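Me: Could you take a close look at one part of this model for me, namely where the prediction is most and least confident? I'd also like to see how that part fits into the rest.

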Number of protein chains: 2
Amino acid sequence: MATSSLTNVQLAVYFFFQLGVILLVCRAVGVVAKRLGQPQVVAEMIAGVLLGPSLFGLLAPEWQQWVFPRNPDNPNQLSRDIQGYLFPASQLGLALYMFVVGMEFRVDIIRENFRSSVAVSVAGMLAPFLLGAGLAWYLYNNTQLFPENTQRWQAMIFLGASLCITAFPMLARIIHYKGLTGTLMGTVAIGAGAIDDATAWCLLAVVLASIEGKFENALLSIGGGIGFVLFVLLVVRPLLQIIQDRLIETAENGKRILSETGFVVGLALMAFGAWFTDRIDLHAVFGAFVVGSAIPRGVMHRDMIARIQPLTVGLLLPLFFTFSGLNTRIGLLNSAYLWAFCGLVLVASILGKGFACWGAARASGLPNREALGIGALMNARGLMELIIINIGLQRGVISDELFAILVIMAVVTTLMASPIFDLLRLNPPASNR
Amino acid sequence: MATSSLTNVQLAVYFFFQLGVILLVCRAVGVVAKRLGQPQVVAEMIAGVLLGPSLFGLLAPEWQQWVFPRNPDNPNQLSRDIQGYLFPASQLGLALYMFVVGMEFRVDIIRENFRSSVAVSVAGMLAPFLLGAGLAWYLYNNTQLFPENTQRWQAMIFLGASLCITAFPMLARIIHYKGLTGTLMGTVAIGAGAIDDATAWCLLAVVLASIEGKFENALLSIGGGIGFVLFVLLVVRPLLQIIQDRLIETAENGKRILSETGFVVGLALMAFGAWFTDRIDLHAVFGAFVVGSAIPRGVMHRDMIARIQPLTVGLLLPLFFTFSGLNTRIGLLNSAYLWAFCGLVLVASILGKGFACWGAARASGLPNREALGIGALMNARGLMELIIINIGLQRGVISDELFAILVIMAVVTTLMASPIFDLLRLNPPASNR
């Protein structure tokens, strides 16, 4: 089927079929992943890569083209029509998920372990940033991994920021999955992860602004981001506290529940937050997370999570992970040369993040086992890495090859966390898994 | 902002802002509607029309263009980029909703009142079809309401089918909202509505097939549709019955719940069902509904509904209703002449459906009050009318003007139901509303 000018109805036909395929493959990989002690979210990242040109497209290119038509101008990417609807739908799933993560975020725990959190987060930023920037300097001079339009210092900041990234939402899920919620290790890792990610997004904003040659854009991102956080925490949060009783009603069984109006108000706030941070180039996930953290704890918070989470995690979020995988072509790494750079990036990212955070946690006085666990958690790149490199690819900062290398880095560092936990015997009893 | 070649990121920015606006306006109209005894779903239809060129675009054309950019080639419709993602997202919401309606559908009740259901459904099909076809004959000769490419008999079948339509899912919601579930009236209306809608879709399939000059397409639609229903009921349903125990697990609190795998299997079946019926031109709603009716009753059915319904009704479904309204330009009816035709269509649709069904219900032996209630319910066109006329507009069977007339007809006939109920004192006690 030609995809150059599909009608809406034809697009919807594609959409439903792709949705069914994505859901089933994610679940099938998830069943295998679970046996190996890996969380579902890791399975979805891998399912995306498998469904993309890296495996499905290699084994059965015509079928793959039939299910996921590719862009005739750039066969590494999906066709523009398909991207046009898969991207917003996957962004919606992502924003809803980060909204839930924001609602589950507990500022109080971070306050308690502030010193360790800061030590780990500074180490987890400086070390990978310096390693990433140095590596970019080298790669920029010696390879074609950055497009011609990208300048050297942009390449350095971008790769530095990419290595800084922590799998912030994935970290939350792994901590939950491994039964570490509220533990010293889980808490420090979440706190440090949040700080690191906010910084990485600001670095990304600088790169994006510089590409468009508009440094006022970087100021807009950073200033707008700070203003947004202050506005949400100082205006939206207190307002919600005041009106929250009006958003709660008594159900037929006498239970206090969030009213339909309250639910929609929360969703609309999430949408506007996602819009604003997208608009100032800070990405929708950031706005959705901040708005989520401002939702009053209690009935509203409990019912928002209960109503959003199942369909978001079951249906929409897999679209995001798969979308990233579908744009990844591991076959592009078609020389020992490129695989060597892939190994280099991998070593730099593990040294810079995992080892540095382990060291910092030790230095701040934590026991060795916990410090190793924190290193493994911080090292996992997962979701956020995919977001940042997708933006880099969309805006032309990195080549398709470097994109593939960074996807592999994200998958490998994320996969590493669980076996390390098993080695450290940090897992809860089997019955809990 | 120009919208001719937006990047994915820019599209996502639009999407989140539109989402926030749509949610808030739907809710605001919903609060007013509730005071007037109208269900939320009616409010969403009207909110769409208000947000479109009919009101928002009339009062503040530049703002409207900013929030919902329009197609430069056809200012009656949204820009192609915006449609490209709003349409699949709204279709997803609709399919999920019809999936839930299918799960709530009770074949047993229809069996019990088979005679009345059939009488009402036959009357509710023949009368409006003949009136609609006659009206189309007249309009085709005397107006420009049908595009030149549409042939007379196509116009007749299309308008006939449009008048036949019942607000099948809306009918279910009104019956639930008014506390009529399980009553004689509610049951007969749902049964007759289901039969009528299946027939109307087959008529539509004939029209669509004839437009493309391929009558084998009509056979494919009708034959494929029958085959699909048989396959789902005779193969998928028994299979699900057999494996359902494997899809259920015991939660930490000892409660039996649907496993995540079971949830995803159900969603994937819905997606494939929607895909298949879309593919054979029978529309996704039909497949989603049939698959929903095949989900085993019990834990799976209960948890599927609980996990899908809140986010679907709160977030995704409003997109569908608004999408229809956004493509509607009531201002196109800019002459007394066109408004007269609008009145004509309205009278024909009310006579053909509401009065005919009332008469048939009386003739089959039901009491007068119940018969009037059934007439009012069957008369409401709501959702399904919007779907069928959207398809007609997309495929070029009807003009933008006739589309606007039919939207008004759908809104008015749907709005009528509640006041008629109040007059008949068919409402449950106020506490239940």
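Reply: Confidence in chain A is lowest in helix H6 (residues 107–112) of chain A, with a mean pLDDT of 68, and it peaks at 92 in helix H12 (residues 260–279) of chain A. Here pLDDT is the predictor's confidence in each residue, on a scale from 0 to 100, and helices are DSSP runs of H or I with at least four residues, while strands are runs of E with at least two, both numbered from the N terminus. Residues 428–433 of chain A have a pLDDT below 50, and beyond near neighbours in sequence this stretch has five contacts in the model. A contact means that the C-beta atoms of two residues, placed from the backbone, lie within 7 Å. Where pLDDT is low, the predicted coordinates should not be read in detail.

A word on the ground rules: this is a predicted model, in which local features need pLDDT of at least 70 and side-chain atom pairs count only at pLDDT 80 or more, while totals for chains, interfaces and linings use all residues. Residues are numbered from 1 along each chain as its sequence is written, and chains are lettered from A and ligands numbered from 1 in the order in which they are written.

Now for the setting. Chain A averages a pLDDT of 81, and 90% of its residues score at least 70. The chain holds 18 helices and four strands. Its C-alpha atoms fill a box of roughly 65 × 60 × 50 Å along the principal axes. Of its 433 residues, 58% are buried, that is, they have 20 or more other C-beta atoms within 10 Å of their own (exposed: 12 or fewer; partly exposed: in between; C-beta atoms placed from the backbone). Among contacts between residues at least 6 apart in sequence, 78% join residues at least 24 apart.

For the complex, the predictor gives an ipTM of 0.81 and a pTM of 0.83. A turn of 180° with a shift of 0.0 Å along the axis lays chain A on chain B with an RMSD of 0.0 Å, which is the relation of a two-fold axis. That superposition is by least squares on the C-alpha atoms of residues with pLDDT of at least 70 in both copies. The same surface serves both copies, as 100% of the contact residues of chain A recur in chain B. Tyr85(A) is the residue of chain A that comes closest to the rotation axis, at 2.1 Å for its C-alpha.
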